[in-house]
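Q: Could you take me through one sheet in this structure, slowly and from edge to edge? I would also like to know what the record says about that stretch of the chain.

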Amino acid sequence: MEQTVSLEIEHDFVQNSERVKSVDMHPTEPWVLVGLYSGTISIWNYQTKVEEKTLKISELPVRSAKFIVRENWIIAATDDKYIRVYNYEKMEKIIEFEGHKDYIRSLDVHPFLPYVVSASDDQVLKLWNWKKGWSCDETFEGHSHYVMQVAFNPKDPSTFTSASLDGTLKIWTINSSTPNFNFEGHSKGVNCVDYFESNEKQYLLSGSDDYTAKVWDYDSKACIKTLEGHKNNVTTICVHPEIPIIFTASEDSTVKIWDVVSYRLETSLEFGLERVWSIGYKKGSSKIAFGCDKGFIIVAVNLASSQVKQN
């Protein structure tokens, strides 16, 4: 007997808006934080379908916005090179500061230390410490093109990975300015990176302008699978921590869902919201958020396993 997995996908909430470059789901509240190309951040309640908070923070695009839940904060990065922090209860500004010399593409929040890492078109990453007045504790140099995304390693958050249009992924340690290792294999720039575990092994997932996503064995550093099927740049990827599936999204306006063990393509989704730029998930939940050109959508993905007899 071979077990196959069928997916039940429900559209929970669709909201048309200006281009959404960033989505982040709050871990306990029914909130999705969206960062808009128009320079606005908003918090939507996806249960009541009401926009609870909204704030215009810049005339230029917001490319990354994240909850810092343990402080009741939102942090956002914009094309004016600034990082801004707000209390999300009152939407009051805590601080703003110039973070980089060019557009800031990505932010990631350390799971327990008071750190945020930022990634920029100026080709560097920076580690910010909010307990020290948002001082820059480290600058990470080594990329030769725009740095598109940064992600802390959930198993070892003293390390993180960056994805760059120089075609590489780089592994860094928070207290060293030079990279530990490069992953090379994409034929064009790399836009996105995520970590996942399967069968007690750790892997990296990357998405590229070569229209593919790649799965990397974190220990051996080898590319073990290339996921092919998109017809344009792969913009954002994620492996859901609760559900054994990979999501890849693209400028071809589709989201593809792959089995995390066999890497088989399970299904392809198209929401009618044009290009897909960002994915967010909620731990302990089946809900996934997608940010797109024409708005955002939250879907619930549920597994329906069935036994298929082999002839």
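A: Let's start with the sheet itself: an open one of 4 strands, in the order β10-β11-β12-β13, with antiparallel pairing. Strands here are DSSP runs (E, at least two residues), numbered from the N terminus, and two of them pair if DSSP finds at least two bridges between them. At the edges stand β10 (104-109) and β13 (135-141), each with a single partner strand, so one side of each has no neighbour in the sheet. On average, neighbouring strands of this sheet are turned by 20 degrees against each other, direction ignored; such angles, from 0 to 180 degrees, use axes that are lines fitted to C-alpha atoms.

Before we zoom in, a word on the model. It is a predicted one, where local features need pLDDT of at least 70, side-chain atom pairs count only at pLDDT 80 or more, and totals for chains, interfaces and linings use all residues. Residues are numbered from 1 along each chain as its sequence is written, and side-chain values use heavy atoms, leaving out hydrogens and water.

Now look at β11 (residues 115-120) and β12 (residues 124-129), which pair in the antiparallel sense over 5 bridges. Here you can find Ser118 opposite Lys126 in β12.

And the record? UniProt, in an unreviewed entry, lists "repeat: WD" for residues 97-129, 140-182, 183-226 and 227-268; such annotations may be inferred rather than shown by experiment. Residues 97-129 are 0% helix and 61% strand, with end C-alpha atoms 13 Å apart. For residues 183-226, the values are 0% helix and 64% strand, and the end C-alpha atoms lie 14 Å apart.
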